[in-house]
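Me: Could you help me learn to read the inside of a protein model?
Reply: Happily! Let's look at the structure together and take one feature at a time.

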Amino acid sequence: MTYSEAVQFLYGLRLFGAKFGLENTFKLAALAGNPQEKLRFIHVAGTNGKGSTCAMLESIYRAAGLRVGLFTSPHLVSFRERIQVNRQLISENDVVRLVAELRRTGVAPVSDLIFTKENKTGGDRRDACPTFFEFVTVMALKFFAEQKCDLVIWETGLGGRLDATNIVTPLASIITNIAFDHQQWLGDTLGKIAFEKAGIIKPGVPVITATNEPEAMAVIERIAREKNAPLTTVAADGNPPLTKFAALFRDAATLPLLGDHQKLNAVLALATVEILQRQIPVTEEKIRAGLSKVDWPGRLQLIQRPDGQKILLDGAHNVAGAKALREALEKNFPPANRALILGVLQDKDWQHICETLAPLAALIFSVPISSERTSDAKELAAACGAANPVAKIFVCASLDEALKKSPTDAFVVVTGSLYLVGEALELLGLSPAGESERGLNEWNAAAQPA
C-alpha cells in the first residue's frame, strides 16, 4: 500500500458518515489491543477554543520534558496534522502501516462494503463498518501507544458524549465553552448542547470549564455532581478561582496567539496544569516557556506577503467565533483599508456571521469554499450588503481570485471557515508539503441515537 492508497482508503470510509456512538470504536480499539489503556489523556470538548487550548497544554507539557501526543480535527491541509507527537506530524509511512494493520484486524475493503450490502447474517454491513473518524481515532491511539507518549492531549471531534474519542478515561476533562454550533446534531438549546459536551465527564475525574452561559453551566454542574467529578470554573481574569498559575499568566507570561479570547483559553489550560500538579508536576519556568512558544495556525494568524500586504487568517466558523474575531479586529487592527474575504459552510449560521463581520470592512469579497457543503457566494454577498450597505462587495469564483483582486495596500482578513483558511495556507505557500487532503474533512452525520 502506498500513502496515496491509504488516503484513498480513508476517503472511502467517509461513505459511512458519522454514526454517533461508541460501540464501533470500542470494538476496533479492542482488535488493536486497547491502546488507550496504556496512555494518559487530557480530554478537551467545547464549542470554540478546543484546538487553541490543546495547543497550549501540549506546548506546556512538552516544555516540561514530556513526550506529548496531540490529536485534533479538522486538519487545515494535510491529514497528518491530526496526529502529532511533540508537534511532529505522523509520517506518511506510519499512516500507511497503521491503515494496513487496522484493515487486517477485520475492517472489510471499502469496495466490498460499497457493492455488497448484505453480510452473512443478513444485516447491513455498512452499519458495522467503522466511520472515518472512528478509524482515525483508533489509528491515533495505536500510534501514541507505540510512541510511548507520556501524555496525550485529546480533542473531541463533535459533541462529546457519543464522540469516538470518548472511549478514554482521562486525568482531566475540559469543556472550553458552550455556544450554538452543530445544532442539527447536538441540539437546539444551550442546555442540550451542554449535555452532549458534558458527556466526557467521568466519575471522579476533575473537570475544568470556562463556560459562562447559565443554562449550559447548570447542566455541567448537575452532571459533574452526579459523577462526583470535582468541578473548577475559570474566567479570563483568573476569578473564580484565582489560581497561582492563572496569576502567573496575567502578571508574567507571554502568549503569541492574538485575541483576548486566547487569554481565557490560557487560563483554562493553566488551571488544568495546576489541578494535575500531583500527577504531572510542571515548574513555573516551564509553563512560561511553553506558553511563549505555543503555535496554532489559522487562528488570528498574521502573515505578511513579500509585497508588504498583511493577511489575517482566522477560522471563525460560527457566530461565537465571528464575535471573537470582531473584538480582536476592533482592538488590535486599525479599520483603514480593511478588506474581508468571506466563505462559510452552508450548514453554519452564515447569515449571522455576515451580520457580525461585514460592518468591519469597506471592501468585501464573498467566495465559495472547496466543499460540497459550501454556502453560495452570491447569497453571502447579499447578506453582507444588507449588513453593510456602503461596502464595495464582489462575488468571486474562488479564494485565489479574491486574493489576486485584493489591493496590496489593504489589510486582508480571510475567514468564515477553517476549510477556507486551509486553502489560503496552500495558496500562500505556508502549508505542509504534499497534496491537499482537505477533502477528508467532509462527512455527513447519521441520526444521533438517544
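Me: Which residues do ring pairs link into a cluster?
Reply: Keep in mind that this is a predicted model. Two aromatic rings count as a pair if their centres lie within 6.5 Å. Here, such pairs join F41, F71, F133 and W154 into a cluster. The structure as a whole holds eight aromatic pairs.

Me: Which residues touch the most other members of the largest nonpolar core?
Reply: A nonpolar core is a set of buried residues, such as Leu or Phe, joined through side-chain atoms. The largest one has 41 residues, and those touching the most other members are L10, F79, F135, M139, F144 and W154. At least two core residues come from each of α1, α2, β3, α4, α7 and β5. Helix α7 gives the largest share, 11 residues.

Me: What is F79 in contact with, leaving aside its neighbours within four places in sequence?
Reply: With those set aside, F79 contacts Y3, L10, V95, F132, V136, M139, E437 and L440. Apart from this core lies another, of 36 residues, including L151, A172, L248 and A266.

Me: Now for a single helix: which residues of α15 are buried?
Reply: Buried means under 20% relative accessible area. In α15, which runs over residues 350–357, the buried ones are W350, I353, C354, T356 and L357. They are on the same side of α15 because they cover an arc of only 160 degrees around the axis.

Me: And what covers the buried residues of α15?
Reply: Their cover includes helices α14 (319–332) and α16 (377–387), along with strands β11 (338–342) and β14 (411–415).

Notes:
Residues are numbered from 1 along each chain as its sequence is written. This is a predicted model: local features need pLDDT of at least 70, side-chain atom pairs count only at pLDDT 80 or more; totals for chains, interfaces and linings use all residues. Side-chain values use heavy atoms; hydrogens and water are left out. Buried means under 20% relative accessible area, exposed over 50%, partly exposed in between (1.4 Å probe, protein chains only). Helices (H or I, at least four residues) and strands (E, at least two) are DSSP runs, numbered from the N terminus. The arc is that of the directions from the helix axis to the C-beta atoms. Contact means heavy atoms within 4.5 Å. Rings of Phe, Tyr and Trp (its six-membered ring) pair if their centres lie within 6.5 Å; planes under 30 degrees apart count as stacked, over 60 as edge-to-face and the rest as tilted. A nonpolar core is a set of buried Ala, Val, Leu, Ile, Met, Phe, Trp, Tyr and Cys residues joined through side-chain atoms within 4.5 Å.
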